[in-house]
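Trainee: I've got a model open and I'd like to learn how to read it. Can we go through it feature by feature?

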Amino acid sequence: MITPVMPTYARAPIAFDRGEGPFLYTEQGEKYLDFGAGVAVNSLGHAHPALVRALTEQAGKLWHTSNLYNIPGQEKLAQRLTALTFADTVFFNNSGAEAVECAIKMARKFHASQGHPEKFRLITFEGAFHGRTLATIAAGGQDKYLEGFGPKAEGFDQIPLGDLKAVEKAITDETAGILIEPVQGEGGIRVADAAFLRGLRKICDDRGLLLVLDEIQCGMGRTGKLFAHEWSGIEPDIMAVAKAIGGGFPLGACLATERAAAGMVAGTHGSTFGGNPLAMAVGNAVLDEMTADGFLDHVLEMAKLLRQRMARLVDENGDIFEELRGEGLMLGLKCRVPNTDVGAALMDQHLLTVGAGENVVRLLPPLTVTPDHIDDAMAKIEAACAALREKQTKGAA
Ligand SMILES: *Cc1c(COP(=O)(O)O)cnc(C)c1O
């Protein structure tokens with residue numbers, strides 16, 4: 001018999017009752033160290049006092065008005081995001097997939113508004129993940145998400161990551177732009193290096209294409225800069241943001257230059273909930289924290305520490321781990337044993353992580369972690385390795 005909650009997830013058999021900073025607690029009071037952060041969402045940890053205050057204060061005043069009226073929180077957050085980034089304008093929505101949908105629509109509309117409606121295709125990359133709507137599963141191009149859902153939405157041409165020649169070859173008269181995650185999250189923490197991103201920027205400039213970034217997972221401070229592309233020195237034309245921008249409250253945003261957004265006039269796009277006052281109160285509070293003096297320096301410091309520790313741990317446990325990858329506080333452990341076994345062994349040690357493609361375990365701690373939390377995580381990973389090894393020996397005997 002089907003469960004009342006539709007069984008689309010392979011959930012771990014555990015539920016949490018409350019959280020504080022990097023810790024989660026079950027109803028029974030068992031404490032877990034959360035290095036998954038709700039898949040890079042709870043970047044300020046759980047129950048951050050400033051976010052709780054912002055949300056509860058707004059909840060007592062006004063929840064929702066619709067986008068039939070001005071929403072001052074949107075104007076404030078958009079003004080701040082445009083001041084901090086390449087962008088001149090922002091569309092607010094509720095999730096990552098919606099932010100990517102907006103980006104796809106905008107890229108197509110740009111060329112249509114230039115008299116080239118035939119330019120609607122986006123070049124995307126193997127291993128990509130852009131969401132679960134019909135268009136974003138087509139953009140991601142993964143068979144496991146496309147299978148059984150009818151014809152794949154038209155307009156996405158997928159090529160290997162890191163191959164500029166393949167990009168050049170894939171461009172046709174119908175190409176509108178290139179869509180890429182600077183660091184692939186679900187795909188297994190695969191980094192698009194700076195030279196590749198600069199190459200894409202140049203190709204877009206030379207060929208009149210739009211560069212569209214999906215920074216839903218790697219953005220909002222995760223790599224030690226507010227956005228991951230800043231490391232390469234390039235700027236996109238359009239960028240999808242979500243996950244950590246709401247710190248756990250559903251919020252997405254699609255940022256763009258004035259030029260790229262040229263076609264997005266009144267009536268072209270919309271959302272009932274997008275940018276509602278609750279989301280805006282939280283989004284502005286998240287940005288207050290992330291732009292505070294020293295916040296990103298702290299991320300860089302913790303990232304350096306975690307990377308050093310993890311590199312040693314991977315060396316010392318070469319029977320279990322093959323490789324350490326990633327940027328900032330977005331690290332991936334490529335495993336030699338099934339990553340699901342490693343994830344389960346870590347959970348037994350009360351450390352939460354997230355699986356990813358290419359047999360990787362993701363470490364996505366809150367950006368507010370301290371050296372003590374990192375020490376704690378290291379001890380838990382060591383213990384999990386020992387347990388896995390013991391299980392293997394027993395299995396072999
Ligand atoms: C999570 C994610 C999405 C989809 O976001 P949802 O909020 O689940 O719709 C899209 N792109 C990337 C890179 C993501 O990590």
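Mentor: Sure, let's begin with contacts, meaning heavy atoms within 4.5 Å. Leaving aside neighbours within four places in sequence, Q58 is in contact with W63, P277, L278 and A281. Q58 is found in helix α2, residues 49–59; helices (H or I, at least four residues) and strands (E, at least two) are DSSP runs, numbered from the N terminus.

Trainee: Before I trust that, what kind of model is this, and how are residues numbered?

Mentor: This is a predicted model, where local features need pLDDT of at least 70 and side-chain atom pairs count only at pLDDT 80 or more, while totals for chains, interfaces and linings use all residues. Residues are numbered from 1 along each chain as its sequence is written, and side-chain values use heavy atoms, with hydrogens and water left out.

Trainee: Is Q58 buried or exposed?

Mentor: Buried means under 20% relative accessible area, exposed over 50%, and partly exposed in between (1.4 Å probe, protein chains only). Q58 has 15% relative accessibility, so it counts as buried.

Trainee: How do I read the domains?

Mentor: Domain bounds come from an automatic or database domain assignment. Here the protein is divided into domain 1 (18–34 + 293–396) and domain 2 (49–290). Their centres, taken over C-alpha atoms, are 28 Å apart. Each side puts residues into the contact: 21 from domain 1 and 21 from domain 2.

Trainee: And what about a nonpolar core?

Mentor: In soluble globular proteins, nonpolar side chains tend to be buried together. A nonpolar core is a set of buried Ala, Val, Leu, Ile, Met, Phe, Trp, Tyr and Cys residues joined through side-chain atoms within 4.5 Å. The largest one here has 83 residues, and F125, I180, M220, M310 and F321 touch the most other members. Helix α10 (residues 295–316) gives the largest share of this core, eight residues. Domain 1 and domain 2 both give residues to this core, so it lies between them. Apart from it lies another core, of 25 residues, including M106 and L122.

Trainee: Which residues does M220 contact?

Mentor: Beyond four places in sequence, M220 contacts L226, F227, V241, A244, I245, V286, L287, M290 and L367.

Trainee: Which residues are around the ligand?

Mentor: A residue is near a molecule if one of its heavy atoms lies within 4 Å of it. The residues around this ligand are S95, G96, A97, F129, H130, G131, E181, D214, I216, Q217 and K243. A polar side-chain atom of D214 sits 2.7 Å from a ligand nitrogen atom. For Q217, a polar side-chain atom is 2.7 Å from an oxygen atom of the ligand. An N or O atom in the side chain of K243 is 2.6 Å from an oxygen atom of the ligand. Taken alone the ligand exposes 390 Å², and the protein buries 82% of that.

Trainee: Where does Q217 lie in the fold?

Mentor: Q217 lies in the loop between β10 (210–214) and β11 (238–241). Q217 is buried, with a relative accessible area of 6%. Q217 and V41 are 176 residues apart in sequence, yet 8.0 Å apart in space, C-alpha to C-alpha.

Trainee: Any backbone oddities to check?

Mentor: Look at phi. A47 has a positive phi of about 50 degrees although it is not a glycine, and A47 lies in the loop between α1 (37–40) and α2. Phi of I189 is near 55 degrees, also a positive value in a residue other than glycine. I189 is buried, at 0% relative accessible area.

Note on methods
A polar contact is a pair of N or O atoms within 3.5 Å; within protein, one must be able to donate a hydrogen and the other to accept it, and residues adjacent in sequence count only if both atoms are side-chain atoms. Accessible areas come from the Shrake-Rupley method with a 1.4 Å probe; for residues, only the protein chains shown count as cover.
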